[in-house]
Amino acid sequence: MPVQPLVRSYLLKRIIMLVFSFAAGGCLLVVLSMIQKILIGAPVFILKGYLVPVFFGGTSGVLLGLWIIRLKAANREKEREKENLRVTLDSIGDAVIALDVNGNITRMNPVAAKLTGWKLEEAMGLKLHEIFVITDSGTSEKIEFPLHRIIDKKEVIHLTDNIVLKNKSGEVFYIEDSAAPIFGSKGLCIGVIIVFKDITEKHMMKEMLLQKQKMEAMGNLAGGVAHDFNNMITGIFGFTDLLLAHGPDEKCRRYIDMIVKIAGNAASLTEDLLTFARKSELNFSTHSLKEIMKISVELIRHSTDRSIEIIENYTAGDVVLSCDISKVENAVLNLGLNARDAMPDGGTITIEAGVSALDEAFSRMCSFDIVPGYFARISVRDTGIGMSSDTQNKIFDPFFTTKDPGKGTGLGLAAVYGTVKEHHGVVTVHSEVGKGTVFNIYLPFNKNSELMDSEKKETVEMGYGRVLICDDDEMVRTIGYEILSEIGYEVVLAEGGQECIEIFRENYENIDLVILDMVMGGMDGSECFREMKKIDPDVRILVCSGSVRDSSLQFFRESGFSGFLEKPFRRWELGNMVHNLLN
């Protein structure tokens, strides 16, 4: 059958491509003869599905046909190898990118396409740095991929830790990766293969673990500092109270009152230090929301300059909260200071208090565990710089701050979150960049609550009995001895847990109460507590500490302690606590 011009042209082109191969084998004349016969219209026959020209005057036509068949089979084998390679790469769970020696992308699997955001057809032929944008997560500096080092040294490398990959759409992933040279059949390096995987979740878990360890370390530090600091403040309170009890003149009383006030401020500072080191024992009492707001707003006013206007709007009526007043006041103060810092060029802070009803739908959508009902709402709104949604998602995280180094601890808003959660409330935030921010605190209250008398009973009841005080701080032992001795008690002192056990074992039938410090060197309070319970299961023990953790206090609760007194304490607090326990 005659060969169509298109087919003839195709065969001619294929044979010309093979001229040099045949020439190398001494067959150049034969090939040229074949070309000539194709040009003059030689007939063809079909051999195993291929068009083969018939060349008269020899067997060259048949030889060429067989050669084309073998070539086609070899091409098919290469295609199968390519397909097997593609399937293998596509099946790998890690991302894979292949490069030539010039850094051009030659292959990429679906995982790599997903992470980089580039499709294979888009990425083919591009330079690696165009789609593989990596930075150091610590310094945010761009990392250059060491292509030439891999090719020149022919070694496998692992890039540094904390690598961040930014994809085509701007998403960021933490990755770990390695790269290795690709060798050809002659042992020459013909490219580089990169294997990497998304470790964002692993990185976040690591960060959470580090955060937990940091909080534990901070808790241990704060607990140790608070314990020693509160012992000192206990001594200051105790001796000033004893001076006041002996009726000083008006001038001395004024000086003593100033000392007490300063010591009280120091005690508040210690309490702030302990906010995230532990869940402190909440001192719940009933307070007017209006009074809480009045004190908090006054503190905020004293902390802001004249470029910031403060507007108050109180619509809550006679709402009474059962709360730890110092913590709620600190929460409102923290929000006010945060609003102030968001307006470096001045602006307006609007502080409102009202009542809101939170229903079932709200409680289901809320991340806080709340019971639907009436809530006192405290709002702090500013006209400051605002926050992005990403910042809002992190704003309550401990140690997270948008302030310059040295200007913020990142604990203020985390303290707000902790206080609200301890009071079974809710805190929300809404902000827009350039438009300001509003925080809302919702605290539950009983509409039928009545305001209780919050005046402290500063008179001390006289008593009698034998009290054993165990504390490793000499000042605390001394002030405890002076206070209790003066109001009628016989007092025995122990410098630590071991001495306390020895005294108690010999005299437990004549000891009416033990005042036991929780944190001591050597035998600590919990171990001493257990030993005394073995000697006398009915022993009355008043646990005392300035750095208590919920987990530690829970042990004493479950083991049957008689009461807890937090340092620093006042003369009447210690005296009345002992009187109540013994009567």
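Helices and strands in this tour are DSSP runs, helices of at least four residues and strands of at least two, numbered from the N terminus. The model on screen is predicted.

**First stop: the largest cavity**

Begin by selecting strand 17 (466-470), helix 16 (474-486) and strand 19 (513-517), each of which supplies at least two residues to the lining of the largest cavity. That cavity has a volume of about 70 Å³, and it is one of two cavities of 30 Å³ or more in the structure. To see its walls, show the side chains of I469, C470, D471, V476, G480, I515, D517, C544, K567, F569 and L574, which line it. If you colour this lining by class, you will find seven nonpolar residues, one polar residue and three charged residues.

**Second stop: the second largest cavity**

Move next to V328, A331, V332, I378, T419, V420, I441 and L443, the residues that line the second largest cavity. The elements giving two or more residues to this lining are helix 12 (325-341), helix 15 (412-422) and strand 16 (436-444), and helix 12 provides the largest share, with three residues. The volume here is about 40 Å³, and the lining divides into seven nonpolar residues, one polar residue and no charged ones.

**Third stop: the cysteines**

Now select C500 and C528, and ask why C500 forms no disulfide. A disulfide needs two cysteine sulfur atoms within 2.5 Å, but the cysteine sulfur closest to that of C500, in C528, is 3.8 Å away and therefore too far for a bond. The structure as a whole holds zero disulfides. While C500 is selected, notice that this residue is buried, because its relative accessible area is 0% and buried means under 20%. For another cysteine, go to C252, which counts as partly exposed because its relative accessible area is 36%, and that value falls between the limits of 20% and 50%.

**Fourth stop: the aromatic rings**

A search of the whole structure finds three aromatic pairs. Select F132 and F196 to view one that is tilted, with 5.0 Å from centre to centre and 55 degrees between the planes. This pair links distant parts of the chain, since F132 lies in the loop between helix 7 (128-131) and strand 5 (133-136), whereas F196 lies in strand 9 (residues 189-198), 64 residues apart. Both F132 and F196 are buried. Add F145 to the selection, and you have the cluster into which ring pairs link F132, F145 and F196.

Another pair to select is F504 with Y508, whose ring centres are 6.0 Å apart and whose planes stand at 45 degrees, so that this pair, too, is tilted. Are F504 and Y508 buried or partly exposed? F504 is buried, with a relative accessible area of 0%, while Y508 is partly exposed, with a relative accessible area of 29%.

Before leaving the aromatic residues, show W118 together with K168, which lies over the face of W118 at 4.5 Å from the ring centre.

**Last stop: a glycine in a loop**

Finish at G546, which you will find in the loop between strand 20 (541-545) and helix 19 (550-559). G546 is buried, with a relative accessible area of 1%. Select A226 as well and display the distance between the two C-alpha atoms: G546 and A226 are 320 residues apart in sequence, yet 6.3 Å apart in space.

Definitions and conventions
Residues numbered from 1 in each chain as written. Predicted model: local features only at pLDDT ≥ 70, side-chain atom pairs only at ≥ 80, totals over all residues. Heavy atoms only, no water. 1 Å grid on protein atoms, 1.4 Å probe; cavity = no way out; pocket = protein on both sides within 12 Å on 5 of 7 lines; lining within 4 Å. Points joined across faces, edges and corners; volume = space filled by probe spheres on them. Nonpolar A, V, L, I, M, F, W, Y, C, P; charged D, E, K, R; others polar. Buried < 20%, exposed > 50% of the residue type's maximum accessible area, 1.4 Å probe, protein only. Phe/Tyr/Trp six-rings, centres within 6.5 Å; stacked < 30°, edge-to-face > 60°. Lys NZ or Arg CZ within 6 Å of the ring centre and 35° of its normal.
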